[in-house]
Amino acid sequence: MRKMVPRTLFWAPRVLCVLFALFLTFFALDAFQPGKPAAAVALDLAMHLIPTFLLLLILAVAWRHELLGAIVFAGLGVLYLVAFRGRFHWSAYAVISGSLIVVGGLFFANWQARRHLPPGPTPALPD
């Protein structure tokens, strides 16, 4: 049981971030409309997938730098709240900002746990 907690804490923010990126990808499906030229569909699809690619890029950096990931993900969650306040139903803020803030919090908890490991080479997966 003791070995399972650090391993879960390591993987939880990473898996949740990938799942959140997949969730955001579903919003790109509205690029496909009947009668729309293929070039327009490709451009719309690329534009809709920018947030997903940005999220995955941030995840790639946060994979090794948990504190930076915690700050950026939580900051993105707060930024979404501030930038789009009052435009959507509260549930949109809960899902989008809440997910980003939870991922940021989990990266922070993982960073804290890894800080308290004994000195020496840190394994890729904490035991």
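In which helix is the place of D44? D44 sits in helix α2, which covers residues 38–48. The model discussed here is predicted. Its protein chain holds 5 helices and 0 strands, and the order of elements from the N terminus is α-α-α-α-α. The points below cover the chain as a whole, the largest pocket, the largest nonpolar core, and a selection of individual residues.

**Chain as a whole**

- The protein chain has 127 residues, and 24% of them are buried.
- Of the contacts between residues at least 6 apart in sequence, 66% join residues at least 24 apart.
- The accessible surface of the protein chain is about 8,400 Å², and carbon and sulfur atoms account for 75% of that surface.

**Largest pocket**

- The largest pocket encloses about 590 Å³ of space.
- The pocket is lined by 20 residues, of which L24, P51, Y80, F84 and I96 are the closest to its centre.
- At least two lining residues come from each of α1 (4–26), α3 (50–62), α4 (66–83) and α5 (90–115).
- By residue class, the lining of the largest pocket has 18 nonpolar residues, 2 polar residues and no charged residues.

**Largest nonpolar core**

- The largest nonpolar core contains 16 residues, and the members that touch the most other members are C17, F20, L55, F73, I96, L100 and F107.
- Helices α1, α3, α4 and α5 each give two or more residues to this core.
- Helix α5 provides the largest share of the core, with 5 residues.

**Helix α3: L55 and T52**

- L55 is placed in helix α3, and T52 is found in helix α3 as well.
- L55 has a relative accessible area of 5% and is therefore buried, the limit being under 20%.
- Beyond its neighbours within four places in sequence, L55 is in contact with C17, F20, A21, L24, F73 and L100. Among these partners, C17, F20, F73 and L100 are also listed with L55 as the core members that touch the most others.
- L55 and L76 are 21 residues apart along the chain, with 9.8 Å between their C-alpha atoms.
- T52 counts as buried because its relative accessibility is 5%.
- Leaving out residues up to four places away in sequence, T52 touches A21, L24 and T25.
- A21 and L24 thus appear among the contacts of L55 and among those of T52.

**Helix α5: I96, N110 and A113**

- I96, N110 and A113 are placed in helix α5.
- I96 counts as buried because its relative accessibility is 15%, which is under 20%.
- I96 touches F20, L24 and Y80, with residues up to four places away in sequence not counted.
- The C-alpha atoms of I96 and L24 are 9.0 Å apart, although the two residues are separated by 72 residues along the chain.
- I96 belongs to both settings described above: I96 is one of the residues closest to the centre of the largest pocket, and one of the core members that touch the most others.
- N110 is buried, with a relative accessible area of 1%.
- Apart from neighbours within four places in sequence, N110 is in contact with L9, F10, R14 and E66.
- A113 is partly exposed, because its relative accessibility is 34% and the class lies between 20% and 50%.
- A113 and L9 are 104 residues apart in sequence, and their C-alpha atoms are 8.4 Å apart in space. L9 is also one of the contacts of N110.

**Helix α2: D44**

- D44 has a relative accessible area of 24% and is therefore partly exposed, since buried would require under 20%.
- Not counting residues up to four places away in sequence, D44 touches A31 and K36.
- D44 and F32 are 12 residues apart in sequence and 8.4 Å apart from C-alpha to C-alpha.

Technical notes: Residues are numbered from 1 along each chain as its sequence is written. This is a predicted model: local features need pLDDT of at least 70, side-chain atom pairs count only at pLDDT 80 or more; totals for chains, interfaces and linings use all residues. Side-chain values use heavy atoms; hydrogens and water are left out. Helices (H or I, at least four residues) and strands (E, at least two) are DSSP runs, numbered from the N terminus. Buried means under 20% relative accessible area, exposed over 50%, partly exposed in between (1.4 Å probe, protein chains only). Contact means heavy atoms within 4.5 Å. Accessible areas come from the Shrake-Rupley method with a 1.4 Å probe; for residues, only the protein chains shown count as cover. On a 1 Å grid over the protein atoms alone, a cavity is a set of points where a 1.4 Å probe fits but cannot get out, and a pocket is an open set with protein on both sides within 12 Å along at least five of seven lines; lining residues have an atom within 4 Å of a point. Grid points are joined across faces, edges and corners, and a volume is the space filled by probe spheres set on the points. Ala, Val, Leu, Ile, Met, Phe, Trp, Tyr, Cys and Pro count as nonpolar, Asp, Glu, Lys and Arg as charged, and the others, Gly among them, as polar. A nonpolar core is a set of buried Ala, Val, Leu, Ile, Met, Phe, Trp, Tyr and Cys residues joined through side-chain atoms within 4.5 Å.
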